[in-house]
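This report goes through the fold of the two chains shown below, sheet by sheet, and then turns to the contact between them.

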Amino acid sequence: MLKLHEISKSFGGVHALEDVSFELKRGEILGLIGPNGAGKTTLFNVISGIIPADRGRVELEGKDISRFAPHLIARMGIFRTFQNLAIFDEMSVLENLMVGSHLMGNAGILAALLKTPAERKEEAAIRARALALLKDIGLNDFANQPARSLPFGRLRILELGRAVGANPVILLLDEPAAGLNQRESEELTDFLAKLRQKQITMIIIEHDMSLVMELSDRVVVLDQGRKIAEGAPREVQQNKAVLTAYLGEEDWVKTLRKPHA
Amino acid sequence: MRRDWSLWAMLAATIFLLPLFVKSPYYFSVLIFIAIYGMIVLGLTMLMGYAGQISLGHAAFFGLGAYFSSILTLHLHLNPWLAMLMGLVATVLIAFLLGIPTLKLHGHYLAMATLGLGIVLQIIFKEEVELTGGPTGLTGIPALTAFGITFSNDRTFYFLAWIFMLALLGLSINLVHSRTGRALRAISQSQVAAGTLGIPVNRLKLSVFALSAGYASIAGSLYAHYLAFVNPTPFGFLVSVKLVAMVVIGGSASLWGALLGTTLLVSLPEFLTRLQDYEMVIYGAILILVMMFAPRGLTGIAGKIFELLHGLTRGKNAQAA
């Protein structure tokens, strides 16, 4: 459903992405891995419309969305999380989730000023949805606390919940497990497994190889802006180019080689 | 939301009871100016505190409202209410035209564009003598009338100005607590995140900018009909800075802060004008100090004191237990 066609992007003289192409099928979970600086986050930024690609096309269901602004990409159903989190710190946990359901409403600024019945109805629906979500992600007790008062692990979950609340067709997760402890990481894996049951298509950037290998249907490997491998997790683990790319990063090589990681 | 509306009701009650105690026309005129500037600051607060943009030309929109009302009633003999409405529409339109190209850019281009607009309009107010009366201005602007009442003295105009103020405050409370209000706060905290959640960042910033210009225009029309006289001075750059100072001092992310900051800075000048040229220096100093030591303004300080007291009593309870 999502097709990347020869995406290239450079910053100054640095080729962050060079002719990256791959396809994402409906309901699929794609792991996007690669050493630091491989261009993974840049690729997410291109897909979500934050930075335009220099060359290449992003197509959703055959429609070219390469030049769409971020909010239009969101309208197409593509939502994301951020590696460094993009939580609205000064808002409550509940409000953060309500912003996530922004697209459930249509009321404009005039309707908001006059608080028309239609606007009230929308607002009630958004609140109900956010409250349900709050339960799903286990943050019930924090509903009215400012988001900034939450520990990092909970913020990750909150950000993920916010994106899920938007009813994504495609979800882009940028290192969802980074900074989580063992228990939180397991909770995350469970949550993602639930999303998988709901047939939400996902691309996951992750350094936690066991998580990638467990969840992904397919894996794409980037190195220095190029795609160096693509295939089933097992195949990629054995791929020579991948092992070379990760050379010098001993731990990763170990996890890559572990047959049932 | 409920808290805001109860505060609103308290304010409304105070406004209607105040004339029982206040008799001097001078105090009425101060209260009228608080209402008039309060409307502008209310709009500016939504723009600055909620959408995170700065305008250095809001006095110009205030002036547009005042001059549209004056010119349309004096030269074309239009009904003052109709003139006010036309001024509002025209001002909002001008704000849109200015905002469309500037709000697409990142950074504080809006501040520069509005600064420029202010300067251009100031020149027009001064030089288009046939239309605006030039530096001496226009006199004899008719009073507003409704339901057989002519709002020509301080006492009657006090009610009119505050009815407008309370109405605009009510609309603002609605907006702030709506999906759009949330989206605005999201924009002020992270444009990127807001965008990726489907919020049309530029369009919303533009709408609020136009809305705030509209508030200023209404205030301007009221001003013209209240004084029955307009000249270019009250719509210049210095007033724009004063308006920003009112927002910042009150606490830019709070509608009540807007009211507080306005009240303070409208009542202060009695003292400050004696310092004449130093007036701006003092505003500048206040702005810098607030930014440095109390970025959330007076409402922020009030909140901190409240938290502190709350903490103290809680601490005592804990000790008792």
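Chain A contains 11 helices and 10 strands. Its radius of gyration is 19 Å, close to the 18 Å that the globule rule gives for 261 residues, so chain A is as compact as a globular protein of that length. The C-alpha trace of chain A spans about 60 × 40 × 35 Å along its principal axes. The model is a predicted one, and every value here is computed from it.

Chain B has 15 helices and four strands. The table sets out burial and long-range contacts for each chain. The last column gives, among contacts between residues at least 6 apart in sequence, the share that joins residues at least 24 apart.

| Chain | Residues | Buried residues | Contacts at least 24 apart |
|---|---|---|---|
| Chain A | 261 residues | 43% | 66% |
| Chain B | 321 residues | 49% | 77% |

**The six-stranded sheet of chain A**

Six strands of chain A form an open sheet in the order β6-β7-β8-β3-β9-β10, and the pairing is mixed. β6 and β10 (226-231) of chain A are the edge strands, each pairing on one side only. From one strand to the next, the twist averages 20 degrees.

Several of the pairings in this sheet can be followed residue by residue. Strand β7 (residues 170-174) of chain A runs parallel to strand β8 (residues 201-205) of chain A, with five bridges between them. In that pair, A:Leu172 stands opposite A:Ile203 in β8(A). β8(A) also pairs with β3(A), in the parallel sense and over four bridges. Here A:Ile29 has A:Met202 in β8(A) as its bridge partner. β3(A) is joined to strand β9 (residues 218-223) of chain A as well, by four bridges and again in parallel. The bridge partner of A:Leu30 in β9(A) is A:Arg218.

How many residues of strand β3 (residues 29-33) of chain A are buried? Five of the five are, so the strand is largely enclosed by the rest of the structure. Burial applies to both faces of β3(A): A:Ile29, A:Gly31 and A:Ile33 lie on one side, and A:Leu30 and A:Leu32 lie on the other.

**The four-stranded sheet of chain A**

Another open sheet in chain A has four strands in the order β2-β1-β4-β5, with antiparallel pairing. β2 and β5 (63-64) of chain A stand at its edges with a single partner strand each, so one side of each is left without a neighbour in the sheet.

Strand β1 (residues 2-11) and strand β2 (residues 14-24) of chain A run antiparallel and are joined by seven bridges. The two strands form a hairpin with two residues between them, and A:Gly12 in the turn has a positive phi of about 60 degrees. A:Phe11 stands opposite A:Val14 in β2(A). Towards the other edge, two bridges join strand β4 (residues 55-60) of chain A to β5(A), again in the antiparallel sense. A:Leu60 has A:Lys63 in β5(A) as its bridge partner.

**Buried parts of chain B**

The largest nonpolar core has 173 residues, and B:Met39, B:Ile40 and B:Ala219 touch the most other members. Leaving aside neighbours within four places in sequence, B:Ala219 is in contact with B:Ile36, B:Met39, B:Ile40, B:Phe62 and B:Gly65.

Helix α8 (residues 179-189) of chain B has nine of its 11 residues buried, so the helix is largely enclosed by the rest of the structure. The buried residues of α8(B) include three arginines, B:Arg179, B:Arg182 and B:Arg185. Also buried in α8(B) are B:Thr180, B:Gly181, B:Ala183, B:Leu184, B:Ala186 and B:Ile187.

**Contact between the chains**

In the contact between the chains, 32 residues of chain A meet 24 residues of chain B. On the chain A side, the elements that give two or more residues are α2 (70-75), β6 (78-80), α3 (93-100), α4 (109-114) and α5 (117-136). β6(A) is also an edge strand of the six-stranded sheet. By residue class, the side of chain A that touches chain B divides into 18 nonpolar, five polar and nine charged residues.

Technical notes. Residues are numbered from 1 along each chain as its sequence is written. Chains are lettered from A and ligands numbered from 1 in the order in which they are written. This is a predicted model: local features need pLDDT of at least 70, side-chain atom pairs count only at pLDDT 80 or more; totals for chains, interfaces and linings use all residues. The radius of gyration is taken over C-alpha atoms; the globule rule is 2.2 Å times the number of residues to the power 0.38. A residue is buried if 20 or more other C-beta atoms lie within 10 Å of its own, exposed if 12 or fewer, and partly exposed in between; C-beta atoms are placed from the backbone. Two residues are in contact if their C-beta atoms, placed from the backbone, lie within 7 Å. A nonpolar core is a set of buried Ala, Val, Leu, Ile, Met, Phe, Trp, Tyr and Cys residues joined through C-beta atoms within 7 Å. Two strands pair if DSSP finds at least two bridges between them. Ala, Val, Leu, Ile, Met, Phe, Trp, Tyr, Cys and Pro count as nonpolar, Asp, Glu, Lys and Arg as charged, and the others, Gly among them, as polar. Axes are lines fitted to C-alpha atoms, for helices over the stretch in contact, and angles run from 0 to 180 degrees between N-to-C directions.
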